[in-house]
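These are my notebook entries on a structure that is new to me. I set down what I looked up, topic by topic.

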Amino acid sequence: MARKIAFINYKGGVGKTSLIVNTAAALAQRGLRVLLFDFDTQSNASIWLLKLERWNKINASGAGAIYSIFEPGTSRVKDLIIRDVVEGKEGQKMLPGLDLVPTTFNLVDLENEYNGDPKRPPYLVFYEQLAAIESNYDFILFDCPPNILRASQCGVFSSSEIYVPANPDALSLIGFTLLVEKLQKFHQLSASFRKAGMGVPAQVHGIIFNSIKAGVDIEVPKMRMQLRLNQFKTAKRAAPTAKIFDTQIRDAMVVRRAVALGLPVALVSAEATDAGPSGDNVITDYRKLAGEIVQQVQG
Ligand SMILES: Nc1ncnc2c1ncn2[C@@H]1O[C@H](COP(=O)(O)OP(=O)(O)OP(=O)(O)O)[C@@H](O)[C@H]1O
Ligand SMILES: [Mg+2]
């Protein structure tokens, strides 16, 4: 069965999308089958991996985007999967094994305009459709906005693990704290829809420090985060095995540049990756992180 992981923090701009795109790429490069869902109406991950021209075509009609499973409700998740999404200039497949279900700007309508059957909230509709394809993947990842509103709920309800991207600052810690509170509330709200066989509601399993500048000591923010995580673990509000990942992702210009190129960092030419004398660079960080995720003890 696939491991299903939502990347989320109540703090925006901490690097959720950059982490998920590059980690998904690193997992696919290890030969694993990865499906990435974009549940953020900003569509950053979709535009990144499809590039603007391909994404524009989907955005123009909404056909092929995740919102179409809700409105008009005729699509199914399995039909929305863009296989081996990353393409080169001539349409050649650049990263076999990384699939995407994209979003477009219309996903915002799920929050207010959508009036589905109250007995079947959007997250349940999504969950059931996901179940049909789950066994085709090793990892299913959900990029979420910094909230647990309806779009995010789809990812959170279906997940078995939650990872929290964080920067070494007080606001990320506040975002993490708020996330755990909101998760608790959502799990209570959705409990009656959780049937036997769905597994337990997802808790925080990992915290990933991102965008760490060279020479900056992050011991204090890391210690504060660890203390908060320990409190949540004691209160059984985080997974018993939850940890701060040993791997942290350095701040690197190439991460910002990769978006414009429409490629995960690992596929950006070697000269552009700011490799140090030992060839050590941010790509190595993402690879190490993928390795740590694969190794992480479940439970
Ligand atoms: N390791 C990194 N090095 C340098 N810049 C980074 C790194 N990670 C992310 N960034 C930059 O930080 C900004 C925010 O990143 P990103 O969009 O991934 O955050 P986010 O948490 O998904 O934001 P949102 O809350 O809007 O969804 C972007 O400009 C991105 O290029
Ligand atoms: Mg994002």
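Before the first entry I fix one term: I call a residue buried when its relative accessible area is under 20%, exposed when that value is over 50%, and partly exposed in between. I also note that I am working with a predicted model.

**Entry 1: two enclosed helices**

I looked up helix α6, residues 150-158, and found eight of its nine residues buried, so the helix is largely enclosed by the rest of the structure. I listed the buried residues as Ala151, Ser152, Gln153, Cys154, Gly155, Val156, Phe157 and Ser158. I then asked which elements the buried residues of α6 pack against. I found three strands, β1 (3-7), β4 (139-143) and β5 (161-166), together with the helices α4 (109-112), α5 (122-131) and α7 (170-190).

I turned next to α5. Eight of the 10 residues of α5 are buried, so this helix too is largely enclosed by the rest of the structure. I recorded Pro122, Tyr123, Leu124, Val125, Phe126, Tyr127, Gln129 and Leu130 as the buried residues of α5.

**Entry 2: the surroundings of ligand 1**

I asked where ligand 1 sits, and found that the space it takes is the largest pocket. I counted 18 residues around ligand 1, of which Gly13, Lys16, Thr17, Ser18 and Arg250 come nearest. I looked up which helices each supply at least two residues of this shell, and noted α1 (16-29) and α9 (253-261). The largest share, three residues, comes from α1.

I then examined polar atoms facing the ligand. A backbone N or O atom of Gly13 is placed 2.9 Å from an oxygen atom of ligand 1. For Val14, I found a polar backbone atom 3.1 Å from a ligand oxygen. For Gln42, I found a polar atom of the side chain 3.1 Å from an oxygen atom of ligand 1. I also looked up how much of the ligand is covered: taken alone it exposes 630 Å², and the protein buries 82% of that.

I followed Thr17 further. I located Thr17 in helix α1. Its relative accessible area is 14%, and I therefore entered Thr17 as buried. Setting aside residues up to four places away in sequence, I found Thr17 touching Asn44, Ala45, Trp48 and Asp143.

**Entry 3: Ile47**

I placed Ile47 in helix α2. Is Ile47 buried or partly exposed? Its relative accessibility is 23%, so I entered Ile47 as partly exposed. Residues up to four places away in sequence aside, Ile47 touches Gln42, Leu52 and Trp55. I also checked Ile47 against Pro168: the two are 121 residues apart in sequence, and their C-alpha atoms are 27 Å apart.

**Entry 4: two loop residues and their partners**

I found Tyr10 in the loop between β1 and α1. Beyond its neighbours within four places in sequence, Tyr10 is in contact with Pro146, Asn147, Ile148, Gly175, Leu178, Leu179 and Lys182. I looked more closely at Ile148, whose backbone nitrogen lies 3.0 Å from a polar side-chain atom of Tyr10. I noted that Tyr10 and Val164 are 154 residues apart in sequence, with 9.1 Å between their C-alpha atoms.

I found Gly62 in the loop between α2 (44-61) and α3 (77-80). Gly62 has a relative accessible area of 7%, so I recorded it as buried. Leaving out residues up to four places away in sequence, I listed Ser68, Thr104 and Asn106 as the residues that Gly62 touches. Gly62 and Phe105 are 43 residues apart in sequence and 8.5 Å apart from C-alpha to C-alpha.

**Entry 5: backbone geometry**

I keep in mind that most residues other than glycine have a negative phi, and that most peptide bonds are trans. I then looked up the departures.

A cis peptide bond joins Glu71 and Pro72, with omega about 5°. I placed Pro72 in the loop between α2 and α3.

Asp84, which is not a glycine, has a positive phi near 45°. I found Asp84 in the loop between α3 and β3 (98-101). At 22% relative accessibility, Asp84 counts as partly exposed.

Ser211 is not a glycine either, and its phi is positive at about 65°. Its place is in the loop between β6 (203-209) and α8 (219-234). I noted a relative accessibility of 30% for Ser211, which means that it counts as partly exposed.

Notes. Residues numbered from 1 in each chain as written. Chains lettered and ligands numbered in written order. Predicted model: local features only at pLDDT ≥ 70, side-chain atom pairs only at ≥ 80, totals over all residues. Heavy atoms only, no water. Helix = DSSP H or I, 4+ residues; strand = E, 2+ residues; numbered from the N terminus. Buried < 20%, exposed > 50% of the residue type's maximum accessible area, 1.4 Å probe, protein only. Contact = heavy atoms within 4.5 Å. Near = heavy atom within 4 Å. Polar contact = N/O pair within 3.5 Å; in protein donor to acceptor, adjacent residues only side chain to side chain. Areas by Shrake-Rupley, 256 points an atom, 1.4 Å probe, with all protein chains shown as cover. 1 Å grid on protein atoms, 1.4 Å probe; cavity = no way out; pocket = protein on both sides within 12 Å on 5 of 7 lines; lining within 4 Å. Sits in = over half its atoms within 2 Å of the grid points.
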